[in-house]
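This report is addressed to a reader new to the structure shown below. Please look over the sequence and the model before reading on.

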Amino acid sequence: EMTSSNRQLKMEREVHQQELADLRSELQNVKIKHERNVQELMKLLKQEKDDAEAQIRMLKMELVEEKNIAETQCQQLEKIKNECDKLAEELTQNEKENIKLRRKCEFIKQELEKKDKQISNEEDHLRRMDEARLQFKDQLRHLEMEQESILTMIGSEIDAACEIFSRDSVEKFKVILS
């Protein structure tokens, strides 16, 4: 019985040892697999870390560029603000000058209207004077014609008188004198 128990124990021990060897072998395989997985994970982590660092460097460079751009834009904005202030001042000044010019223009317009009325009145006066001048000219022409006819008549009478004088000059001269 003992021998049989020993054998059975021995067999069980062998089976256990075989199982143990199988388990150790499996454990070794699992360890190797685990190490490979850890190494792959380490590689992946290292690659991700490198990628993340590269991305961080790129982001830092972009940040620096964006800061420079922002600074440049702030400077440009400041220049534009200054220019806007100057333009606003110029606009205010121009508006004041424009108001002055409008007032001056209105004043000149009123003066022109007055002068236009004056000229219109003077033109009417000149037209009336011209009409009067033409009337006087007509009257003068009539008077000149009348004078000429009177002078012609007087000349005829003088000629007639001279003719009469020349005939009986002494006798008639007495008659005329008397």
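The text that follows treats the salt bridges, the cysteines and a surface patch in turn.

**Salt bridges**

The model discussed here is predicted. Under the rule applied, the count of salt bridges comes to 5. Three of these pairs are described here, in the table and in the text after it.

| Salt bridge | Closest N and O atoms | Separation in sequence |
|---|---|---|
| Glu111 with Lys114 | 4.0 Å | 3 residues |
| Arg127 with Asp124 | 2.8 Å | 3 residues |
| Arg127 with Glu131 | 4.0 Å | 4 residues |

Helix H1 covers residues 2–167. Both Glu111 and Lys114 belong to helix H1, where about one turn of the helix lies between them. Glu111 has a relative accessible area of 27% and is therefore partly exposed. Lys114, by contrast, has a relative accessible area of 54%, so Lys114 is exposed.

Arg127 takes part in a salt bridge with Asp124 and in another with Glu131. Which residues are joined into one network by salt bridges that share partners? The network consists of Asp124, Arg127 and Glu131. Arg127 and Asp124 are about one turn of helix H1 apart, and about one turn likewise separates Arg127 from Glu131. Arg127 counts as partly exposed because its relative accessibility is 43%. For Asp124 the relative accessibility is 27%, so this residue also counts as partly exposed. Glu131, with a relative accessible area of 43%, is partly exposed.

**Cysteines**

How many disulfides does the structure hold? The number is 0. Cys74 is in no disulfide, and the nearest cysteine sulfur to that of Cys74 belongs to Cys84, at 15 Å. Cys84 is likewise in no disulfide; the nearest cysteine sulfur is that of Cys74, 15 Å away. A disulfide requires the two sulfur atoms to be within 2.5 Å, so a pair 15 Å apart does not qualify. The relative accessibility of Cys84 is 45%, and Cys84 therefore counts as partly exposed.

**A nonpolar patch on the surface**

Further along the sequence, a nonpolar patch on the surface is formed by Ile150, Leu151, Ile154 and Ile158. Together these residues have about 350 Å² of accessible area. One member of the patch, Leu151, has its place in helix H1. Helix H1 also holds Glu111 and Lys114, as well as Arg127 with its partners Asp124 and Glu131.

Methods. Residues numbered from 1 in each chain as written. Predicted model: local features only at pLDDT ≥ 70, side-chain atom pairs only at ≥ 80, totals over all residues. Heavy atoms only, no water. Patch = residues over 30% accessible without salt bridge, like charges linked within 9 Å, V, L, I, M, F, W, Y side chains within 5 Å. Areas by Shrake-Rupley, 256 points an atom, 1.4 Å probe, with all protein chains shown as cover. Salt bridge = Lys/Arg side-chain N within 4 Å of Asp/Glu carboxyl O. Helix = DSSP H or I, 4+ residues; strand = E, 2+ residues; numbered from the N terminus. Buried < 20%, exposed > 50% of the residue type's maximum accessible area, 1.4 Å probe, protein only.
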